[in-house]
Amino acid sequence: MVEPRLGHPNLGLGVGLRTVHFPYILEKHPPVDWFEIISENFIDSQGRPRHTLDQIAERYPIVMHGVSLSIGSTDPLDFQYLEKLKKLASETDARWISDHLCWTGVAGRNTHDLLPVPLNEDTLRHVCSRIETVQDYLQRPLILENPSSYVTFAESTMSEWEFLTSMTEATECGLLLDVNNVYVSSVNHDFDPYEYLGHIPYDRVVQCHLAGHTHCGTHLIDTHDGKVIDPVWQLYREVHRGTGGISTLLEWDAQIPPFEVVHAEVLKAKLYMEENLPTDGPQTQGESTGEAVLPHPLHFVAPEVQ
Ligand SMILES: [Fe+2]
């Protein structure tokens with residue numbers, strides 16, 4: 001029997017740490033439960049961002065979330081990068097280290113995107129082998145996030161939830177369940193998001209993500225540029241029931257509003273932690289419509305380290 005959340009605590013309701021909010025956080029010390037950082041924004045920085053992070057880490061639990069591991073690639077793992085992750089985790093007392101089930105490049109070329117993997121036995125063996133190598137090096141379980149995706153592979157022979165379940169069974173890794181990604185992919189690939197959640201091994205879910213997305217007419221794009229829509233909140237309710245309570249983090253990476261707005265958005269999660277609630281939830285702003293320029297996933301990495 002695996003301990004729920006791999007033994008990690010439920011940290012409560014957190015917010016993705018973004019540089020535009022640094023002054024507010026340092027001055028006001030808002031009562032947010034925890035922060036998630038984008039690892040790449042800090043692993044090569046010894047300047048002001050890093051000094052600010054150290055101050056924040058003295059007051060709040062920190063979790064590290066990366067975009068460069070490329071666990072699905074056939075390129076060799078980057079041990080220099082892993083060394084930097086390990087060092088930053090030690091210095092900030094990071095509760096866990098996460099990245100995505102994806103690949104970002106091959107043959108030394110970086111696409112600067114989080115690309116999905118073919119879901120089959122060959123990929124599973126490859127990814128699991130690399131997870132074990134990473135975990136051996138970091139000396140802690142790796143936490144991997146389900147991606148949002150816009151294409152599927154003819155070579156896939158299993159569903160994403162089957163892949164994730166087998167991946168967690170074959171390794172000691174945990175899952176970062178991005179509820180918005182489940183919704184985005186379910187629309188793009190026409191599957192039932194509740195069936196997806198019904199097959200997730202909740203005892204391996206260490207954290208979840210919530211975010212807004214953009215409706216582009218024929219498909220959804222995971223833009224992190226607005227409020228969480230009601231169908232995603234309803235899925236979150238299901239995740240809360242399944243996990244019994246889980247560290248929950250709101251990602252807001254484009255058109256970022258003042259900190260109070262971002263914090264208030266994640267606090268809405270409390271409404272979905274109780275039973276016997278109205279099924280329509282609070283009124284939230286709808287999906288954005290893609291009229292603005294869409295952010296690239298690696299725009300989430302601060303310009304100073306790109
Ligand atoms: Fe996410």
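Which residue in E3 does Ile38 stand opposite? The residue is His65, and this pair makes a good starting point for a walk through the model. The model is a predicted one: local features need pLDDT of at least 70, side-chain atom pairs count only at pLDDT 80 or more, and totals for chains, interfaces and linings use all residues. Residues are numbered from 1 along each chain as its sequence is written.

Let's begin with the strands, which, like helices, are DSSP runs numbered from the N terminus (helices are H or I with at least four residues, strands are E with at least two). Strand E2 covers residues 34-38 and runs parallel to E3, with four bridges joining them. Two strands count as paired if DSSP finds at least two bridges between them. To get from E2 to E3, the chain passes through helix H2 (residues 48-59), and this β-α-β crossover is right-handed. That word has a precise meaning: with the strands pointing away from the viewer, the path from the first strand over the helix to the second runs clockwise.

Now look at E3 itself, residues 62-65. Ile62 and Met64 on one side, and Val63 and His65 on the other, are all buried. A residue is buried if 20 or more other C-beta atoms, placed from the backbone, lie within 10 Å of its own. His65 also has a bridge partner in E4, namely Ser98. E3 and E4 (residues 97-100) pair in the parallel sense over two bridges. Between them, the chain crosses through helix H3 (residues 79-92), again in a right-handed β-α-β crossover.

Step back, and a barrel appears: eight strands close in the order E1-E2-E3-E4-E7-E8-E9-E12, with parallel pairing.

Finally, there is the nonpolar core, a set of buried Ala, Val, Leu, Ile, Met, Phe, Trp, Tyr and Cys residues joined through C-beta atoms within 7 Å. The largest has 73 residues, and Ile143, Val179, Leu210 and Val232 touch the most other members. In soluble globular proteins, nonpolar side chains tend to be buried together. Leaving aside neighbours within four places in sequence, Leu210 is in contact (C-beta atoms, placed from the backbone, within 7 Å) with residues including Val179, Val232 and Tyr236.

How values were computed
Buried ≥ 20, exposed ≤ 12 C-beta atoms within 10 Å, placed from the backbone. Contact = placed C-beta atoms within 7 Å.
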